[in-house]
Amino acid sequence: MLSVTPPPQMPSTMEAGTIYGYCVGEPWNQQAVFKGIGVPVITDYEIWKNNPEKVFGVSKSWADENPNTHIAVVKALIRAAHWLDENNNANRPEAVEILSQSNYVGA
């Protein structure tokens, strides 16, 4: 089962046994190591060398099976990135308010 857990809560949630692993960036991935409850299985560099920090990636088979959805999601991500950057990043506080709602990230 997949679940959404805010990154700062991932180590303690794993320590409590509520989740059995997580995918997250620094510094949260190393917290499992420091607590002695986990280790990184693989790094992003091993999957995709010199990758951008955050990516939206899909398998070729999914893209082939869902071409309209794939194009729509990529277009939405591009529009969102432009919106975030507009007016010298003026929309970022609103993005934080939107994404922090419990029906999204909830952090």
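**Exercise 1. The chain as a whole**

Among contacts in the chain between residues at least 6 apart in sequence, what percentage join residues at least 24 apart? Describe the secondary structure, the dimensions and the surface of the chain as well.

*Solution.* The model is a predicted one, in which local features need pLDDT of at least 70 and side-chain atom pairs count only at pLDDT 80 or more, while totals for chains, interfaces and linings use all residues. Residues are numbered from 1 along each chain as its sequence is written, and side-chain values use heavy atoms, with hydrogens and water left out.

Step 1. With contact taken as heavy atoms within 4.5 Å, the share of contacts joining residues at least 24 apart is 14%, counted among those between residues at least 6 apart in sequence.

Step 2. The secondary structure comes to six helices and zero strands, where helices (H or I, at least four residues) and strands (E, at least two) are DSSP runs numbered from the N terminus.

Step 3. The chain has a radius of gyration of 17 Å, whereas a compact globule of 107 residues would have one near 13 Å; the radius is taken over C-alpha atoms, and the globule rule is 2.2 Å times the number of residues to the power 0.38. Along the principal axes, the C-alpha atoms fill a box of roughly 40 × 35 × 30 Å.

Step 4. Buried residues account for 11% of the 107 residues, with buried meaning under 20% relative accessible area, exposed over 50%, and partly exposed in between (1.4 Å probe, protein chains only). The accessible surface is about 8600 Å², and 58% of that area belongs to carbon and sulfur atoms; the areas come from the Shrake-Rupley method with a 1.4 Å probe, and for residues only the protein chains shown count as cover.

**Exercise 2. The packing of α5 and α6**

Determine how helices α5 and α6 pack, and place N91 with respect to them.

*Solution.* Step 1. Helix α5 (residues 67-89) and helix α6 (residues 92-99) pack at an angle of about 145°, their axes being 8 Å apart. The axes are lines fitted to C-alpha atoms, for helices over the stretch in contact, and angles run from 0 to 180 degrees between N-to-C directions.

Step 2. From α5 the contact draws on W83, L84, D85 and N89, and from α6 on R92, P93, E94 and A95.

Step 3. The side chains of D85 and R92 also meet in a salt bridge (2.6 Å, N to O), that is, a side-chain nitrogen of Lys or Arg within 4 Å of a carboxyl oxygen of Asp or Glu. D85 is partly exposed at 44% relative accessibility, and R92 is partly exposed at 37%.

Step 4. N91 has its place in the loop between α5 and α6 and is buried, with a relative accessible area of 13%. Leaving aside neighbours within four places in sequence, N91 is in contact with W83, L84 and E86.

**Exercise 3. The other salt bridges**

How many salt bridges does a search of the whole structure find? Describe those that involve K35 and D64.

*Solution.* Step 1. The search finds three salt bridges.

Step 2. K35 pairs with E15, the closest N and O atoms being 3.1 Å apart. Because K35 lies in helix α2 and E15 in helix α1, the pair ties together parts that are 20 residues apart in sequence.

Step 3. D64 forms a salt bridge with K60, the closest N and O atoms being 2.8 Å apart. D64 and K60 both lie in helix α4 (residues 60-65), four residues apart, about one turn of the helix, and both residues are exposed.
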